Amino acid sequence: MRGERNTIHVISSWVRRQPPKVKAFLAVVSGMAALVLLRFIVHDHDNLFVAAEAVHSIGISLLIYKLMKEKTCAGLSLKSQELTAMFLAVRLYCSFVMEYDIHTLLDLATLATTLWVIYMISFNLKSSYMEEKDNFAIYYVVIPCAVLALFIHPSTSHHLLNRIFWAFCVYLEAVSVLPQLRVMQNTQIVEPFTAHYVFALGVARFLSCAHWVLQVLDSRGHLLVALGYGLWPSMVLISEIVQTFILADFCYYYVKSVFGGQLVLRLPSGVV
């Protein structure tokens, strides 16, 4: 085990010394390698989406456990939870009027737990809420997402308003974690349960992104045509990729911290 940690330390030290362009290249190569591996291991790529939902649920369960056991919400972003509730509520509405499947029930359960977390932070555990650290202005993401949805949305046969709502929740989901990252950036120290929760979000986003990318490859691009015409199909993929890369840097330091045996994650200046 000590030998494995030394190897990981040597590799992480080498990566840290590389210039930003090399780091970006290594990240892309690692992502592509993971996609290739998943393509051969997971035969039904729809399972990746189910796995993403499951990992997200695990992350929320860890968050609930933290709030109930430790009786503190220190290090958590209320604004990030509010953005999550917002895109889930819009997506739930769209699911009811546009498709209604098993994901509708999953979104309903996730929305209910997210609203409970918001209630706990806002009332029961308000004294431990780090409001001064949670200083990300959410209108910086809500307004651009709404404007983007007005111009780039699905070209299906559904009502125009429903298509705009659907695009809005896709865009908002991609950036909903930004306030949480700002809190961690301001504190520089992330306690275990919060770190586990954010890492679970990163894994879930990667699996969801892998699902879409592999589906496009398997269908030889026909899936993009099925999503509609114009810029919308490309924006769906871009949103999935953005979600993954937003959390990639944090996930790297999380894995490094876990293998290093550190219970509390300390982020270097400039991360996230």
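**Exercise 1. Find the residue just after helix 8 that takes a positive phi, and compare the setting of Lys 71.**

Solution.
Step 1. Just after helix 8, Gln 188 takes a positive phi of about 70°. The model is a predicted one.
Step 2. Lys 71, a residue other than glycine, also has a positive phi, near 55°.
Step 3. Most residues other than glycine have a negative phi.
Step 4. Lys 71 sits in the loop between helix 3 and helix 4. Its relative accessible area is 57%, over the 50% cut-off, so Lys 71 counts as exposed.

**Exercise 2. Describe the make-up of the chain and decide where the prediction is weakest.**

Solution.
Step 1. Count the elements: there are 11 helices and two strands. Read from the N terminus, their order is α-α-α-α-α-α-α-α-β-α-α-α-β.
Step 2. Check burial: 45% of the 272 residues count as buried.
Step 3. Look at contacts with a separation of 6 or more: 77% of them join residues 24 or more positions apart.
Step 4. Turn to confidence. The average pLDDT of the chain is 80, and 73% of the residues score at least 70.
Step 5. Among the elements, the lowest mean pLDDT, 59, belongs to helix 2 (residues 20-41), and the highest, 96, to helix 6.
Step 6. Where pLDDT is low, predicted coordinates should not be read in detail.

**Exercise 3. Which elements build the largest nonpolar core, and which residues have the most contacts inside it?**

Solution.
Step 1. The largest nonpolar core holds 54 residues, and Tyr 171 and Leu 172 have the most contacts inside it.
Step 2. Elements giving two or more residues to this core include helix 3 (46-70), helix 4 (78-98), helix 7 (160-175) and helix 11 (232-259). Helix 5 (102-124), helix 6 (139-151), helix 8 (178-187) and helix 9 (192-218) are also on that list.
Step 3. Helix 7 provides the largest share of this core, nine residues.
Step 4. Follow Leu 172 outward. Beyond neighbours within four places in sequence, Leu 172 is in contact with Leu 83, Met 86, Phe 87, Val 141, Val 142 and Cys 145.
Step 5. Another core lies apart from the largest one; this other core has eight residues, among them Ala 52, Leu 207, Ala 210 and Leu 214.
Step 6. In soluble globular proteins, nonpolar side chains tend to be buried together.

**Exercise 4. Show that the buried residues of helix 6 line one face, and state what covers them.**

Solution.
Step 1. Helix 6 has 13 residues and reaches 18 Å from first C-alpha to last, close to the 18 Å expected at 1.5 Å a residue.
Step 2. Its buried residues are Val 141, Val 142, Cys 145 and Ala 149.
Step 3. Viewed down the axis of helix 6, these buried residues fall within an arc of 100°, so they line one face of the helix.
Step 4. The face turned away from the buried side of helix 6 carries the exposed residues Tyr 140 and Phe 151.
Step 5. The cover over the buried residues includes helix 4, helix 7 and helix 8.

**Exercise 5. Are Ser 80 and Ile 60 buried or exposed, and what do they touch?**

Solution.
Step 1. Ser 80 lies in helix 4. With a relative accessible area of 4%, under the 20% cut-off, Ser 80 is buried.
Step 2. Residues up to four places away in sequence aside, Ser 80 touches Ser 176, Val 177, Pro 179 and Gln 180. Of these, Pro 179 and Gln 180 are listed among the buried residues of helix 8, along with Leu 181, Val 183 and Met 184.
Step 3. Ile 60 lies in helix 3, and its relative accessible area of 7% makes it buried.
Step 4. Ile 60 contacts Thr 110, Thr 113, Thr 114 and Tyr 197, leaving aside neighbours within four places in sequence.
Step 5. Ile 60 and Ala 200 are 140 residues apart in sequence, but 8.6 Å apart in space, C-alpha to C-alpha.

**Exercise 6. Classify the aromatic pair of Tyr 93 and Phe 165, and say what it ties together.**

Solution.
Step 1. The whole structure has seven aromatic pairs.
Step 2. In the pair of Tyr 93 and Phe 165, the ring centres are 5.8 Å apart and the planes are at 80°. An angle over 60 degrees counts as edge-to-face, and this pair is edge-to-face.
Step 3. Tyr 93 is in helix 4 and Phe 165 in helix 7, so the pair ties together parts 72 residues apart in sequence.
Step 4. Tyr 93, at 36% relative accessibility, is partly exposed; Phe 165, at 31%, is partly exposed too.
Step 5. Elsewhere in the chain, Phe 199, Phe 250 and Tyr 254 form one aromatic cluster.

How values were computed:
Residues are numbered from 1 along each chain as its sequence is written. Side-chain values use heavy atoms; hydrogens and water are left out. A nonpolar core is a set of buried Ala, Val, Leu, Ile, Met, Phe, Trp, Tyr and Cys residues joined through side-chain atoms within 4.5 Å. Buried means under 20% relative accessible area, exposed over 50%, partly exposed in between (1.4 Å probe, protein chains only). Helices (H or I, at least four residues) and strands (E, at least two) are DSSP runs, numbered from the N terminus. Contact means heavy atoms within 4.5 Å. Rings of Phe, Tyr and Trp (its six-membered ring) pair if their centres lie within 6.5 Å; planes under 30 degrees apart count as stacked, over 60 as edge-to-face and the rest as tilted. The expected span of a helix is 1.5 Å times one less than its number of residues. The arc is that of the directions from the helix axis to the C-beta atoms. pLDDT is the predictor's confidence in each residue, from 0 to 100.
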